[in-house]
Amino acid sequence: MDEACRRVMESGQFILGPEVEAFEAEFAAICEAKHCIGVANGLDALHLILRAMKIGPGDEVIVPANTYIATWLAVSFAGARPVPVEPDVRTYNLDPTLIEDAITPNTKAIMPVHLYGQAADMDPINELAERYGLKVIEDAAQAQGARYKGRRVGSLGHAAGFSFYPGKNLGALGDAGAVVTNDDALADDIRVLRNYGSKVKYYNETRGFNSRLDEMQAALLRVKLRRLDGWNERRKQLAGHYLRTLEGAAELTLPYVPEWADPVWHLFVVRRPERQQLIDHLNAANVGTLIHYPVPPHLQDAYADLGLPAGKLPISEQMANEVLSLPMGPHLGDNEADYVVSQVSSFSQNPDPSG
């Protein structure tokens with residue numbers, strides 16, 4: 001990584017140069033897709049896809065009710081309306097059986113999220129989209145390298161948005177993102193939109209944006225990209241260890257992996273009623289946890305205008321009240337993973353803090 005930094009500094013090229021071009025080719029290959037367009041962050045990736053698809057005011061986009069708010073914000077930034085659909089209670093991803101009831105004459109796209117690093121069930125989603133003439137946009141921000149029925153995420157719809165936020169499986173040293181697609185025309189449009197609406201400097205075809213992956217982040221990502229598969233394999237080993245050793249823990253719901261899914265375990269998310277007691281127990285044992293996510297988008301002040309009160313999306317609300325992310329990442333050693341298991345198990349055997 002030091003060498004990558006030096007290479008960029010010595011080149012004197014810092015925006016849309018050879019490092020970005022090389023990373024785009026390398027990441028497209030990882031995703032088994034034709035095009036990758038580097039942008040400033042994952043939110044911009046989704047937003048620019050919608051803009052390039054001419055989805056805007058008066059249009060609706062179906063989104064998961066259970067997701068990080070950036071999925072919804074991308075739709076709002078384009079001027080369209082997010083229409084939430086509840087998740088499958090087992091996988092936490094968009095439930096394909098509930099989508100059709102949410103489709104209206106104004107629906108233009110479906111935006112499934114590969115939440116926590118596990119692919120959504122894409123075949124039935126694509127079948128519905130084809131039947132109704134809708135676009136499918138993958139929010140793959142958490143799923144670099146994941147597979148669905150043997151195929152990499154990023155090539156399962158019309159386009160996909162990726163985030164390289166530092167905490168992701170493939171993370172930059174700052175904000176960064178990318179659009180991946182097999183659509184030549186869409187790729188060209190997004191390249192123009194990310195760069196002020198311009199193909200040639202100072203000549204602007206459309207009202208674009210400033211959303212470009214810079215040379216330094218691209219160079220650093222290229223170094224880390226070579227290790228992505230190995231890091232993901234380590235995550236899978238840790239997840240397998242958790243699944244085996246925590247099976248049967250009292251009141252703990254472990255992740256469910258369908259037979260067609262090959263997740264990359266961006267997060268290892270369990271569920272437990274009254275989770276605060278478990279959080280307190282783990283904190284006391286110096287085991288860090290996080291809640292992904294404590295408030296679903298429809299209950300955020302930012303979306304109060306949609307008129308979706310508490311109780312309207314009960315599955316998502318239940319998940320927000322119960323989910324808990326245990327330590328996960330390639331940095332985690334076997335002894336540390338064993339310690340996490342021992343602390344969760346000891347709490348499950350004696351959950352009464354006074355006992």
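**Exercise 1. Placing Gln 217**

In which helix is the place of Gln 217? Find it in this predicted model, then settle whether the residue is buried or exposed.

*Solution.*
Step 1. Locate the residue: Gln 217 sits in helix α7.
Step 2. Take its relative accessible area, which is 10%.
Step 3. Apply the cut-off: buried means under 20% relative accessible area. Gln 217 is therefore buried.
Step 4. List the contacts, leaving out residues up to four places away in sequence. Gln 217 touches Ala 172, Leu 173, Gly 174 and Asp 175.

**Exercise 2. The overall fold**

How many helices and strands does the secondary structure of the protein come to? Work out how the radius of gyration stands against the globule rule.

*Solution.*
Step 1. Count the elements: there are eleven helices and 14 strands.
Step 2. Compare radii. The protein has a radius of gyration of 21 Å, and the globule rule gives 20 Å for 355 residues. The two values are close, so the protein is as compact as a globular protein of that length.
Step 3. Add the extents. The C-alpha trace spans about 70 × 55 × 35 Å along its principal axes.
Step 4. Check burial: 56% of the 355 residues count as buried.
Step 5. Check contact range. Take contacts between residues at least 6 apart in sequence; 69% of them join residues at least 24 apart.
Step 6. Turn to the surface. The accessible surface comes to about 15,600 Å², and carbon and sulfur atoms hold 50% of it.

**Exercise 3. The sheet of seven strands**

What is the strand order in the open sheet of seven strands? Identify the edge strands, then trace the pairing through β4.

*Solution.*
Step 1. Read the order: β1-β9-β8-β5-β4-β2-β3, with mixed pairing.
Step 2. Find the edges. β1 (35-39) and β3 (81-85) each have a single partner strand, so one side of each is left without a neighbour in the sheet.
Step 3. Note the twist, which averages 25° from one strand to the next.
Step 4. Pair β2 with β4. Strand β2 (residues 60-64) runs parallel to strand β4 (residues 107-110), and three bridges join them. Val 61 stands opposite Ala 109 in β4. Glu 60 has Thr 107 of β4 as its bridge partner.
Step 5. Pair β4 with β5. These strands are parallel and share two bridges. Here Ala 109 stands opposite Lys 135 in β5.

**Exercise 4. Helices on the sheet**

Which strands do helices α3 and α5 touch? Give one angle for each helix.

*Solution.*
Step 1. Start with α3 (residues 42-52). This helix packs on the sheet and touches β1, β2, β5 (135-139), β8 (159-163) and β9 (177-181). Its direction makes about 160° with that of β8.
Step 2. Move to α5 (residues 122-132). This helix packs on the sheet too, touching β4 and β5. Its direction makes about 150° with that of β5.

**Exercise 5. The sheet of three strands**

Where do β7 and β12 stand in the open sheet of three strands? Name a bridged residue pair.

*Solution.*
Step 1. Write the order: β7-β6-β12, with antiparallel pairing.
Step 2. Place the edges. β7 (151-152) and β12 (261-262) stand there, each with a single partner strand, so each has one side without a neighbour in the sheet.
Step 3. Count bridges: β6 (residues 147-148) and β12 pair over two.
Step 4. Name the pair: Tyr 148 has Ala 261 in β12 as its bridge partner.

**Exercise 6. Nonpolar cores**

How many residues has the largest nonpolar core? Say which element gives the most to it.

*Solution.*
Step 1. Size the core: 46 residues. Phe 23, Phe 27, Ile 99, Phe 162 and Phe 164 have the most contacts inside it.
Step 2. List the elements that give two or more residues: α2 (18-30), β3, α5, β8, β9 and α7 (215-225).
Step 3. Pick the top contributor: α2 gives five residues.
Step 4. Look elsewhere. Another core, of 30 residues, lies apart from it; Ala 74, Val 75, Val 179 and Leu 308 are among its members.

**Exercise 7. Around helix α10**

Which elements do the buried residues of α10 pack against? Follow the contact to a strand pair.

*Solution.*
Step 1. Pick the buried residues of α10 (residues 314-322): Ser 316, Glu 317, Met 319, Ala 320 and Glu 322.
Step 2. Find their partners: β13 (268-271), α9 (275-284) and β14 (323-326).
Step 3. Sort β13 by side. Phe 268 and Val 270 point one way, Val 269 and Arg 271 the other, and all are buried.
Step 4. Close with the pairing. β13 and β14 run antiparallel, joined by four bridges. Arg 271 has Val 323 in β14 as its bridge partner.

Definitions and conventions: Residues numbered from 1 in each chain as written. Predicted model: local features only at pLDDT ≥ 70, side-chain atom pairs only at ≥ 80, totals over all residues. Heavy atoms only, no water. Pairing = 2+ DSSP bridges. Axes fitted to C-alpha atoms, helices over the stretch in contact; angles between N-to-C directions. Contact = heavy atoms within 4.5 Å. Core = buried A, V, L, I, M, F, W, Y, C linked by side-chain atoms within 4.5 Å. Buried < 20%, exposed > 50% of the residue type's maximum accessible area, 1.4 Å probe, protein only. Rg over C-alpha atoms; globule rule 2.2 N^0.38 Å. Areas by Shrake-Rupley, 256 points an atom, 1.4 Å probe, with all protein chains shown as cover.
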